[in-house]
Amino acid sequence: MRNTERHFVTGQNSLWHVYKTVPFWKVVKNFIVIQTARYTPFLPMKNWLYKTFLHMKVGEHSSFALMVMPDVMFPEKITVGKNSVIGYNTTILAHEYLINEYRLGEVIIGDEVLIGANTTILPGVTIGDGAIVSAATLVNKDVPAGAFVGGNPMVIIYTAEQMAERQLKT
């Protein structure tokens with residue numbers, strides 16, 4: 001199970017309770033900052049926007065490709081280590097609204113991680129240092145350091161040890 005906090009609601013589905021869980025003006029501000037960053041081709045500017053206005057933790061030299069979509073409601077729950085690459089059109093979620101509950105969880109992406117394009121990362125997930133996530137993966141559980149993962153749902157394709165062995169052969 002992912003590392004999330006569960007908050008139960010009664011009555012309407014949990015999304016109808018959204019502004020009881022996060023202030024409206026915070027969402028508006030975050031939306032404007034995220035949309036600006038999504039189209040900005042300047043990597044240092046993106047990182048500055050994320051750190052300054054969204055309170056994300058972003059390591060030195062990490063790169064967010066065009067159209068990356070960090071969580072609009074709880075971006076402060078996202079940490080990206082040093083020298084990582086977040087691929088085109090990736091979505092990083094720190095919340096999920098379900099019928100009878102909503103869940104919040106930290107997303108921790110380690111150092112020198114490569115996230116392929118069109119990946120979705122769910123709340124409460126940790127991606128270990130040096131991991132590689134294949135394009136179009138649904139990251140629904142933790143990724144061990146150095147592993148190569150992919151698919152929907154995600155599976156481990158190669159462990160860190162297998163990756164090291166493959167690199168010795170080339």
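**Notebook: core, sheet and surface patch**

I began with the largest nonpolar core of this predicted model. This core has 40 residues, and I noted that Phe64, Ile109, Ile121 and Ile127 touch the most other members. I then looked up which elements supply at least two residues each: helix 2 (24-39), helix 3, strand 5 (78-80), strand 9 and strand 10 (107-109). Helix 2 gives the most to this core, and I recorded 4 residues from that helix.

Next I turned to the open sheet. I found 3 strands in the order 1-9-8, with antiparallel pairing. Strand 1 (5-8) and strand 8 (95-97) are the edge strands, as each pairs on one side only. On average, neighbouring strands of this sheet are turned by 15 degrees against each other, direction ignored.

I followed one pairing of this sheet further. Strand 8 is joined to strand 9 (residues 101-104) by 3 bridges, and these two strands run antiparallel. For Glu96 I looked up the bridge partner in strand 9 and found Arg103. I noted again that strand 9 also appears among the elements that supply at least two residues of the core.

My last entry concerns the surface. Phe42, Met45, Trp48 and Phe53 make a nonpolar patch of about 420 Å². I located Trp48 in helix 3 (residues 43-53), and helix 3 is also one of the elements supplying at least two residues of the core. Is Trp48 buried, partly exposed or exposed? I entered Trp48 as partly exposed because its relative accessibility is 46%, and that class lies between the limits of 20% and 50%.

Definitions and conventions: Residues numbered from 1 in each chain as written. Predicted model: local features only at pLDDT ≥ 70, side-chain atom pairs only at ≥ 80, totals over all residues. Heavy atoms only, no water. Pairing = 2+ DSSP bridges. Axes fitted to C-alpha atoms, helices over the stretch in contact; angles between N-to-C directions. Patch = residues over 30% accessible without salt bridge, like charges linked within 9 Å, V, L, I, M, F, W, Y side chains within 5 Å. Areas by Shrake-Rupley, 256 points an atom, 1.4 Å probe, with all protein chains shown as cover. Salt bridge = Lys/Arg side-chain N within 4 Å of Asp/Glu carboxyl O. Buried < 20%, exposed > 50% of the residue type's maximum accessible area, 1.4 Å probe, protein only. Core = buried A, V, L, I, M, F, W, Y, C linked by side-chain atoms within 4.5 Å.
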